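Open the model in your viewer and keep the selection tool at hand. We will go from stop to stop, and each one tells you what to pick and what you will find there.

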Amino acid sequence: MPEQKFAIVDIETTGGKPGRDKIIEIAVVVIENAEIIDRYETLVDPECAIPNNITYLTGIRQDMVEGKPKFYEIAKDLVKITEGCVFVAHNVRFDYTFIREQFKSLGFTYSRRTLCTVRLSRKVFQHLPKHSLGYLIKHFDIQVDSRHRAMADVLATWEVFKKIQASGHFEAEIDTIISMGVKESLLPQNLSKADLEELPEDPGVYYMHDIEGRPVYIGKSVNIRSRVSNHFSKKTNKGSRLQKHVDSISYQLTGSDLMARFVESIEIKRHLPPLNRAQKQINYPYHIIKFENEQGYICFRISRSKKCSSSESLVASFASKAGLYSKLGGLVYKNELCSKLVGLSTEEDFCFNHQLGKCHGACGGQEFADAYNSRLSESLEQLSQELAGSFVILEKGRNKSEKGLILIKDGSIKAYGFLDEQEHSIFHLDNLEEALQPVYETAELRYIIKRYLAKKKGKKIIPIPYY
């Protein structure tokens, strides 16, 4: 493994949620050539109350942080001491995410390569039943002055890290984790690991360009750097194509996963990148149309035309007949529907599913229409791509003062974009549609929105009554 500088970090916080809770203590030791070359520790004024359970756990009281530096006052110190280092922590996601969120609240991006000693311990000490820091301290008889204080836990983590390194056979694995699994031999000629390390670890859409600057592949992720790195971690057919054609990478942040999915779909259809297979289809020529037959059963017909009579309605559109049949066939099997009434078969009497015991006999009038229609309605909810009403979907923006918006008007997706909360209020913005970017609605975008609306938690919908 090439020589690395490691910054071993530990923090104490007011709670477990990075977007809400605050740091109250932080400690860092910098390791080079297996020696501590620098160290840093401080209590931090969280500018909020410290819960009693946190004081009980850490021993840090409210009066101990009063008059101590606030996070913005130590931010430069953290940047400086961890510069050029691999960020190491026991459960690194917790410490790293907290610090990144605190920087984000100041309007800055904090980015370091990371290494998790929990993950390493699980690989090296596979015989151990637990890998918490407390268990490893006890197992290895590590002397600790004060558990759940930042510097004490940092020094304990350093002792665990030394034992991991001393295992000898694990250097290659450490290097693989640090480099995000990227293999130099799989990278395009004009890209390096350093180029990938400069990519953000935030939600967004990334563009892989050819030597002429044209997008040859567009993707999205909640962590752009991780997703792009994953493309070059294993030898695959897709990776080989990217290696051959990609010359540079750019990106745009979106603030949330929903906005990333939404923008990705729009951008793929706008640029039609040759290495994207999914979502390039603009036209969705296969349609499911709903109607009620004379016996009162809700039925489907499959059509190449969207045209509906006054007694019919469009349920969903698909790019391929195979995709339509796969989706509809799965729902027929799951909800024990009649394959004849949903348009998948044309038997004169009972459908084939009835012979298999998977249809209750609606095709031959043996099941009451109300009972059948009730089960079919469950499938409709999962199948339908249609929207209703006028409302705004509100998402996280690309920074703390911004919100991402998607506008649906009279059941149609009309516009999307980002607005600064301090400059605009959607409740007082009469020309909301004009303030956003117009959207050419597609079945794919409707599907993305329908999936989002089906979520039970985490969504924020604001009705727009004046439309």
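Is Lys 409 buried, partly exposed or exposed? Select Lys 409 and show its surface: this residue is partly exposed, with a relative accessible area of 25%. On this scale, buried means under 20% relative accessible area, exposed means over 50%, and partly exposed is in between, using a 1.4 Å probe and protein chains only.

Before moving on, please note that this is a predicted model, in which local features need pLDDT of at least 70 and side-chain atom pairs count only at pLDDT 80 or more, while totals for chains, interfaces and linings use all residues. Residues are numbered from 1 along each chain as its sequence is written, and side-chain values use heavy atoms, with hydrogens and water left out.

Stay with Lys 409 for a moment. Its home is strand S13 (residues 402-409); helices (H or I, at least four residues) and strands (E, at least two) are DSSP runs, numbered from the N terminus. Now add Val 392, which is 17 residues away along the chain, and check the C-alpha to C-alpha distance: 8.6 Å.

**Next stop: a salt-bridge network**

Select Asp 202 and Lys 104. Their side chains meet in a salt bridge, at 3.3 Å from N to O. The two come from distant parts of the chain, 98 residues apart: Asp 202 is in the loop between helix H9 (193-197) and strand S6 (204-209), and Lys 104 is in helix H4. The term salt bridge stands for a side-chain nitrogen of Lys or Arg within 4 Å of a carboxyl oxygen of Asp or Glu. Asp 202 is buried at 8% relative accessible area, whereas Lys 104 is partly exposed at 34%.

Now pick Glu 201 and Arg 225, another salt bridge, whose closest N and O atoms are 3.8 Å apart. Glu 201 lies in the loop between H9 and S6 and Arg 225 in helix H10 (residues 224-231), so this pair ties together parts that are 24 residues apart in sequence. Both Glu 201 and Arg 225 are buried. Extend the selection to Arg 100, Glu 101, Lys 104, Glu 201, Asp 202 and Arg 225, and you have one network joined by salt bridges that share partners.

For a pair within one helix, go to Glu 159 and Lys 162, which form a salt bridge at 3.1 Å, N to O. They are three residues apart in helix H7 (residues 150-166), so about one helical turn separates them. The count of salt bridges comes to 23.

**Next stop: the cysteines**

How many disulfides does a search of the whole structure find? The search finds zero, a disulfide being a pair of cysteine sulfur atoms within 2.5 Å. Cys 85 is in none, as the nearest cysteine sulfur, that of Cys 116, is 17 Å away. Cys 85 is buried, at 3% relative accessibility. Then select Cys 351 and Cys 359: the sulfur of Cys 359 is the closest cysteine sulfur to that of Cys 351, but at 3.8 Å it is too far for a bond. Cys 351 is buried, with a relative accessible area of 0%.

**Last stop: a loop residue**

Finish at Asn 293, in the loop between strand S9 (286-292) and strand S10 (298-303). Asn 293 is buried, with a relative accessible area of 19%. A polar atom of its side chain lies 3.0 Å from the backbone nitrogen of Gln 295.

Methods: A polar contact is a pair of N or O atoms within 3.5 Å; within protein, one must be able to donate a hydrogen and the other to accept it, and residues adjacent in sequence count only if both atoms are side-chain atoms.
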